[in-house]
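This report describes a single protein chain, moving from the whole chain to a pair of helices and then to individual residues. Please keep the model in view while reading.

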Amino acid sequence: MTATRRPGRPRGAQQDPAERRAALVEAATRAIATHGATASMEQIATEAGVSKATLYDNFDGKAGLTEALLDRYGREVLERFAIGLDRPLTAQQVVRGGIEIFVRLIETQPETYRFIVLNADSGAVLADVAAPITALVRSELTRQGLDPAGSEALAHATLGSVFTATEWWCNHRSVPRDAFVELLVGYVWAGLTTSGLQASDEPVDLTAVATAIAEALG
């Protein structure tokens with residue numbers, strides 16, 4: 001008599017695609033930490049225990065893998081940023097908090113960040129993280145009765161400075177992290193105020209910032 005197979009997961013069923021991609025991204029971060037920002041797809045595949053072809057199938061090549069790493073990196077920045085928005089903050093405090101989160105994250109994963117910079121479209125690196133900064137600047141300029149048309153440009157200029165300076169700091173570490181953060185906050189804040197944003201001790205309306213983060217996180 002032929003045995004009747006009980007219902008359940010089919011024998012040899014494939015791993016969920018999202019779980020598989022997440023595991024491959026984890027393997028990629030380990031390989032990049034070991035081999036540096038120039039880690040090859042072969043090295044990443046070896047770390048993941050799969051063939052290079054499997055890696056390409058899951059990510060449509062190195063560009064796709066970089067996009068997945070960027071998504072993970074950006075989400076981590078935004079999620080940490082969102083946690084700090086549960087209390088009244090001035091605009092300068094929001095800027096300080098965002099810069100400190102970013103610097104600390106790059107400090108712990110410098111090679112992953114460099115890998116992304118080497119392989120990703122520069123606009124994609126800035127896109128999601130720029131959204132809440134744009135929302136903050138636009139909200140404050142509008143509240144102060146000023147023209148908010150340049151908000152997005154100011155956000156990208158701010159992030160460009162932060163990204164470049166933080167990458168330099170990771171390579172040199174000529175000043176302690178906290179001192180570097182203070183220098184960077186001072187530079188960024190001076191640029192924003194020179195461009196029209198008025199310094200204020202009043203807490204900002206964080207609704208637009210929180211909404212921009214939620215939209216970026218999907």
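## The chain as a whole

Of the 218 residues in the chain, 38% are buried. The model is a predicted one, and every value in this report was computed from it. The chain contains ten helices and zero strands. Read from the N terminus, its elements therefore follow the order α-α-α-α-α-α-α-α-α-α, each of them a helix under the assignment used.

Along the principal axes, the C-alpha atoms occupy a box of roughly 80 × 40 × 25 Å. Among the contacts with a separation of 6 or more, 73% join residues that are 24 or more positions apart. The chain exposes about 11,800 Å², and carbon and sulfur atoms supply 53% of that area. As for charge, the chain carries 20 positive and 27 negative charges. The mean positions of these two sets lie 10 Å apart.

## A pair of packed helices

Two packed helices are described by the angle between their axes and the distance between the axes. At what angle do helix H1 and helix H4 pack? Helix H1 covers residues 17-35 and helix H4 covers residues 61-83. Their angle is about 90 degrees, and their axes are 10 Å apart. Because angles from 65 to 115 degrees count as roughly perpendicular, H1 and H4 are roughly perpendicular to each other.

On the H1 side, the residues that meet H4 are Arg21, Val25, Glu26, Ala28, Thr29 and Ile32. On the H4 side, the residues that meet H1 are Leu65, Ala68, Leu69 and Arg72.

## Two residues in their settings

Is Thr29 buried or exposed? Thr29 lies in helix H1 and has a relative accessible area of 14%. Since buried means under 20%, Thr29 is buried. Leaving aside its neighbours within four places in sequence, Thr29 is in contact with Leu69, Arg72 and Thr112. Leu69 and Arg72 belong to H4 and take part in the meeting of H1 with H4.

Gly145 lies in the loop between helix H7 (122-143) and helix H8 (151-172). Its relative accessible area is 66%; because exposed means over 50%, Gly145 is exposed. Gly145 and Val129 are 16 residues apart in sequence, and their C-alpha atoms are 25 Å apart in space.

The table sets out the two residues and their values.

| Residue | Location | Relative accessible area |
|---|---|---|
| Thr29 | helix H1 | 14%, buried |
| Gly145 | loop between H7 and H8 | 66%, exposed |

How values were computed. Residues numbered from 1 in each chain as written. Predicted model: local features only at pLDDT ≥ 70, side-chain atom pairs only at ≥ 80, totals over all residues. Heavy atoms only, no water. Helix = DSSP H or I, 4+ residues; strand = E, 2+ residues; numbered from the N terminus. Buried < 20%, exposed > 50% of the residue type's maximum accessible area, 1.4 Å probe, protein only. Contact = heavy atoms within 4.5 Å. Areas by Shrake-Rupley, 256 points an atom, 1.4 Å probe, with all protein chains shown as cover. Lys, Arg positive; Asp, Glu negative; His and termini not counted. Charge placed at Lys NZ, Arg CZ, Asp CG, Glu CD. Axes fitted to C-alpha atoms, helices over the stretch in contact; angles between N-to-C directions. Parallel < 35°, antiparallel > 145°, perpendicular 65-115°, else oblique.
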